[in-house]
Amino acid sequence: MSHSFKIQFLDRLRAAVADGTLVRINLGGAQAIDPSLRNVFIRPIAIKGVLHLSFTYRHESRDIVKNHPPESAITLIDELLGMEFHDAFLSTTGGTAHLNVKKGRSPRLEFGDPEITDAPDLAHDHVKQRTIRTRENPWLRALGVTGEDDRVNAGMEAKYRQINRFVELLGPLIHDAGLPKDRAPVAVDMGCGKGYLTFALYEFLRQPGGRAARVTGIEVRGELCDAANRIAADASFDGLQFMAGTIDSTVLPHADIVVALHACDTATDDALAKGIATEASLLVMAPCCQKEIRPQLVPPPVLADALRHGILKQREAEFVTDALRAALLEAAGYEARVFEFIAPEHTSKNLMIAAVKRRTPYDRDAAVKKAVDLAAFYGIKRQRLAQHLGVALGA
Ligand SMILES: C[S@@+](CC[C@H](N)C(=O)[O-])C[C@H]1O[C@@H](n2cnc3c(N)ncnc32)[C@H](O)[C@@H]1O
């Protein structure tokens, strides 16, 4: 039975590749041949006009991308399924197929409505793997990342690495979020500071020589906005602006992408809530200073002794906060992904939560229950994102 389900799944995949309707494949349920490997995300791309399937191997702390011609890609998926992964999700413009072949359980193959019905755009820059090069981006110099010789300044290597890592991970996320093709994408960066990543986001989204993006940075420190606006004007970035204000008080008419990187403590929740309210397709957060729930943590008795130690209690607070945020995002209709943004040796503030808005129905009550149960397990009665979303914890 499991074998015939797998054959059916692969036949659907082959047909979708042949008729150009493939959107994406996700492999999950890793079976620990390589214990650091979590998922493989696969999507069609055109390389020099020839169709390939691009595999993003998501490891615990890094992504590895490999591109394969379609036939060898399908052979590889066939090998990975059942060997390294027991769960596969196929999305085509005609519908979805979800295969589960976990050992010891009845195999399942379920079909669903399409997530999107437009044929995927395979133009190479649709899934950009672009690097923000120093010479081509004078705004890096204005922001102090590079010097007159376009070399990265001493002490700014980590920032330059962070900028490039950010744009590298945006490509697959934007692809999965499926931004509108008939207008410029609209993005907001909340708590943008000096704007390093806001400039990078704008540079990534705008089409060279053509359609512009609209990107707004929100920052409570007005002087940073004034400086960033001057640099944007000097670079003739017409679609990029910085506005002084707090995240919570910002009125967001619409945004496709909402970003908040290292916005402190509950500012991340305020940014998530704004993004959810505006029905953004993609939310990208790098949380930090998770202080809110720490005083409320009532761990299960078995953990009480371990959490006498301040650092472990802090780590626990970070874990519970971000796990709860991911669960609440699922409850709000997003597919949440939590992963390391940059290698931990460069910074400990390296967790990223990305959320792609679902385009298919989901069980909201079940998702809310998971969030409520998680909060209850740790004795959490109040959390800012839950409050924004009207999810009652500790009832
Ligand atoms: C650690 S910096 C990060 C800057 C930038 N996002 C980055 O990752 O490079 C956090 C920034 O968020 C701003 N900020 C914190 N809370 C905010 C809020 N509620 N509203 C607007 N800005 C906020 C701070 O002023 C600071 O500039």
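This tour moves through a predicted model, one selection at a time.

**The two domains.** Begin by colouring residues 2–112 and 130–389 separately; the domain assignment names these domain 1 and domain 2. Their C-alpha centres are 28 Å apart. Where they meet, 10 residues of domain 1 are in contact with eight residues of domain 2. On the domain 1 side, the elements that contribute two or more residues are β2 (37–47) and β3 (50–59). By class, that side of domain 1 comprises one nonpolar, four polar and five charged residues.

**Strands β1 to β3.** Keep β2 and β3 selected, and add β1 (22–30). Strands β1 and β2 pair in the antiparallel sense over three bridges, with Ile25 opposite Ile42 in β2. Strands β2 and β3 also run antiparallel, joined by 10 bridges; within this pairing, Pro44 has Leu53 of β3 as its bridge partner. Now centre on the hairpin of β2 and β3, which has two residues between the strands. Lys48 in this hairpin takes a positive phi near 50 degrees.

**The seven-stranded sheet.** Next, select β8 through β14. These strands form an open sheet in the order β10-β9-β8-β11-β12-β14-β13, with mixed pairing. Its edge strands are β10 (240–244) and β13 (334–340), each of which pairs on one side only. On average, neighbouring strands of the sheet are turned by 15 degrees against each other, direction ignored. For one of the pairings, display β12 (282–288) and β14 (351–357), which are antiparallel over four bridges. Here Val284 stands opposite Ala354 in β14. Then add helix α6 (222–234): this helix lies across β9 (214–219) and β10, and runs at about 165 degrees to β10.

**Helix α5.** Select residues 196–205, the span of α5. Are its residues buried or exposed? Tyr196, Leu197, Thr198, Phe199, Ala200, Leu201, Tyr202, Glu203, Phe204 and Leu205 are buried. Because 10 of the 10 residues of α5 are buried, the helix is largely enclosed by the rest of the structure. To view what surrounds α5, show α3 (139–142), α4 (157–177), β8 (186–190), β9, β10 and β11, against which its buried residues pack.

**The ligand shell.** Which residues come nearest to the ligand? Of the 16 around it, they are Gly191, Gly193, Val220, Thr246 and Leu261. The elements that give two or more residues to this shell are α5, β9 and β11 (257–264). Strand β11 supplies the largest share, four residues. Sorted by class, the shell has 10 nonpolar, four polar and two charged residues.

**Two backbone positions.** Most residues other than glycine have a negative phi. Two further selections have positive values. The first is His262 in strand β11, with phi near 60 degrees. His262 counts as partly exposed because it has 17 C-beta neighbours inside 10 Å. The second is Glu279, in the loop between α7 (267–277) and β12. Phi of Glu279 is likewise positive, near 60 degrees. Glu279 has 12 C-beta neighbours inside 10 Å, and therefore counts as exposed.

Notes:
Residues numbered from 1 in each chain as written. Predicted model: local features only at pLDDT ≥ 70, side-chain atom pairs only at ≥ 80, totals over all residues. Pairing = 2+ DSSP bridges. Axes fitted to C-alpha atoms, helices over the stretch in contact; angles between N-to-C directions. Contact = placed C-beta atoms within 7 Å. Near = placed C-beta within 6 Å. Nonpolar A, V, L, I, M, F, W, Y, C, P; charged D, E, K, R; others polar. Domains from an automatic or database assignment. Buried ≥ 20, exposed ≤ 12 C-beta atoms within 10 Å, placed from the backbone.
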